Amino acid sequence: MDKTAKLFDVWANTGRSEDMEKGHGTTVNQFLDKLSLKENFTFLDIGCGNGWVVRKISQKPSCIKAVGIDKSKMMIKNAKSKTLSEKENYLVTDLETWHTKEKFDVIFSMESLYYSVPMESALAKVFKLLKKNGVFYCGTDFYSDNHLTTRWVKDMNIPMDLRSEKEWKKMFRNVGFVTRSKHVIDQKNKSKWKREFGTLFVIGRKA
Ligand SMILES: C[S@@+](CC[C@H](N)C(=O)[O-])C[C@H]1O[C@@H](n2cnc3c(N)ncnc32)[C@H](O)[C@@H]1O
């Protein structure tokens, strides 16, 4: 089995998917709560973990379908067990090898894309999965400007693609996205990197 999926299976079985829900929640919720999403949108979360963002988004009346994919079987098992609405769908699959004809209005991903090394082909797949004018919201705490998080490569011991904010944006533009970025910090957090740099959201629109 893929080393990344194997590690996240262990995390899912030891309560760490809920730790991520809490740990990522402060900046991600701040970010998501400010988005104005169009009527009748379809949503995809890549690397959805225990599905907390899929559940949150599927509660919006204007969301007609919310799909979560994750390459970890155990993460998807957790997500399915927490389902709140019929709009939610969960699937065990790798982004890169997922065969689907479906296209989405909104794609989201938090702390997932950089496990595809290098990221370019995964990002090209995201571009394909979007409808015209669709938007990809990609959150990352792991980027080289946020220097206190760069040691995670050693701690995790799985492939991770470290880029700077500038490189992230360039990669998005090269794939064809109209690109911007935003930092969301967590002012009261005890971790210095969350207070000073926070989560980088790279936002790509398929014009
Ligand atoms: C750090 S966790 C983040 C989970 C969730 N987004 C959250 O914020 O709680 C990364 C997740 O992405 C999944 N993942 C990594 N690479 C993936 C890929 N190429 N395709 C599908 N899932 C992937 C992992 O299995 C893991 O569950």
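What covers the buried residues of helix H4? Part of the answer is three helices and two strands by name: H1 (3-13), H2 (16-33), H3 (52-58), S2 (63-70) and S3 (88-92) are among the elements that do it. Keep in mind that this is a predicted model. Here's a quick tour, from the whole chain down to a single phenylalanine.

**Overall build**
- The protein chain has eight helices and seven strands.
- Its radius of gyration is 16 Å, close to the 17 Å that the globule rule gives for 207 residues, so the chain is as compact as a globular protein of that length.
- Along the principal axes, the C-alpha atoms fill a box of roughly 40 × 40 × 35 Å.
- Of the 207 residues in the chain, 40% are buried.
- Take the contacts between residues at least 6 apart in sequence: 63% of them join residues at least 24 apart.

**Helix H4**
- H4 spans residues 73-81.
- Its buried residues are Met74, Met75, Ile76, Asn78 and Ala79.

**The largest nonpolar core**
- This core has 51 residues, and the ones touching the most other members are Phe43, Val53, Ile107, Leu123, Val126 and Phe136.
- Both domain 1 (1-15 + 40-101) and domain 2 (103-207) feed into this core, each with at least three residues.

**A closer look at Phe43**
- Set aside neighbours within four places in sequence, and Phe43 is in contact with Ile57, Cys63, Lys65, Ala66, Val67, Phe104, Val106 and Phe108.

Notes:
Residues numbered from 1 in each chain as written. Predicted model: local features only at pLDDT ≥ 70, side-chain atom pairs only at ≥ 80, totals over all residues. Buried ≥ 20, exposed ≤ 12 C-beta atoms within 10 Å, placed from the backbone. Helix = DSSP H or I, 4+ residues; strand = E, 2+ residues; numbered from the N terminus. Contact = placed C-beta atoms within 7 Å. Rg over C-alpha atoms; globule rule 2.2 N^0.38 Å. Core = buried A, V, L, I, M, F, W, Y, C linked by C-beta atoms within 7 Å. Domains from an automatic or database assignment.
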